[in-house]
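Reader: Please show me the model, and then take me through its fold and its core.

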Amino acid sequence: QVQLVESGGGSVQAGGSLRLSCAASGDTHSSSSICMGWSRHAPGKEREGVADMYTGGGIGVYPDSVKGRFTISQDNAKSTLYLQLNSLEPEDSAMYYCAEERYTRFWCYEKALRDDFSYWGQGTQVNVSS
């Protein structure tokens, strides 16, 4: 049973920063590498993938809306995924979710930012005021 627990959300002013964490546990973490990512969902908008990476030494991929401001990273020893959010804008306000899937590196990047994951956390709320 895979479990993903997000934390680190909160309220900040525009231009501020937050670091989101996703503590992962369960069957997929018995293998060495998987595909993990972050998505966000704001009221009235479609869910948007904001960062994906293959944990076996892969690089992060981002949509243009967050490129250069958000950074995905991992701590394998702690089975934790992070999302650093810098230069936050009011448009970044949303519920942020962590997700994972046991894809190979090829499929992880082939499906990047499409939110095609089987396992999701409960989310952590980010509010950015102007």
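**Fold and core**

Author: The protein chain has one helix and 10 strands, where helices (H or I, at least four residues) and strands (E, at least two) are DSSP runs numbered from the N terminus. This is a predicted model, in which local features need pLDDT of at least 70, side-chain atom pairs count only at pLDDT 80 or more, and totals for chains, interfaces and linings use all residues. Residues are numbered from 1 along each chain as its sequence is written, and side-chain values use heavy atoms, with hydrogens and water left out.

Reader: In what order do the elements run from the N terminus on?

Author: The protein chain holds one helix and 10 strands. From the N terminus on, the order is β-β-β-β-β-β-β-β-α-β-β.

Reader: Which strand supplies the largest share of the largest nonpolar core?

Author: A nonpolar core is a set of buried Ala, Val, Leu, Ile, Met, Phe, Trp, Tyr and Cys residues joined through side-chain atoms within 4.5 Å; buried means under 20% relative accessible area (1.4 Å probe, protein chains only). The largest one has 27 residues, of which W38, L83 and Y96 touch the most other members. Several strands each supply at least two residues, including strand 4 (35–41) and strand 8 (94–101). The largest share, four residues, comes from strand 3.

Reader: Which backbone nitrogen does the side chain of S93 reach?

Author: S93 is found in the loop between strand 7 (80–85) and strand 8 (94–101). Leaving aside neighbours within four places in sequence, S93 is in contact (heavy atoms within 4.5 Å) with A42, V126, N127 and V128. At 2.8 Å, its side chain reaches the backbone nitrogen of V128.

Key
A polar contact is a pair of N or O atoms within 3.5 Å; within protein, one must be able to donate a hydrogen and the other to accept it, and residues adjacent in sequence count only if both atoms are side-chain atoms. Buried means under 20% relative accessible area, exposed over 50%, partly exposed in between (1.4 Å probe, protein chains only).
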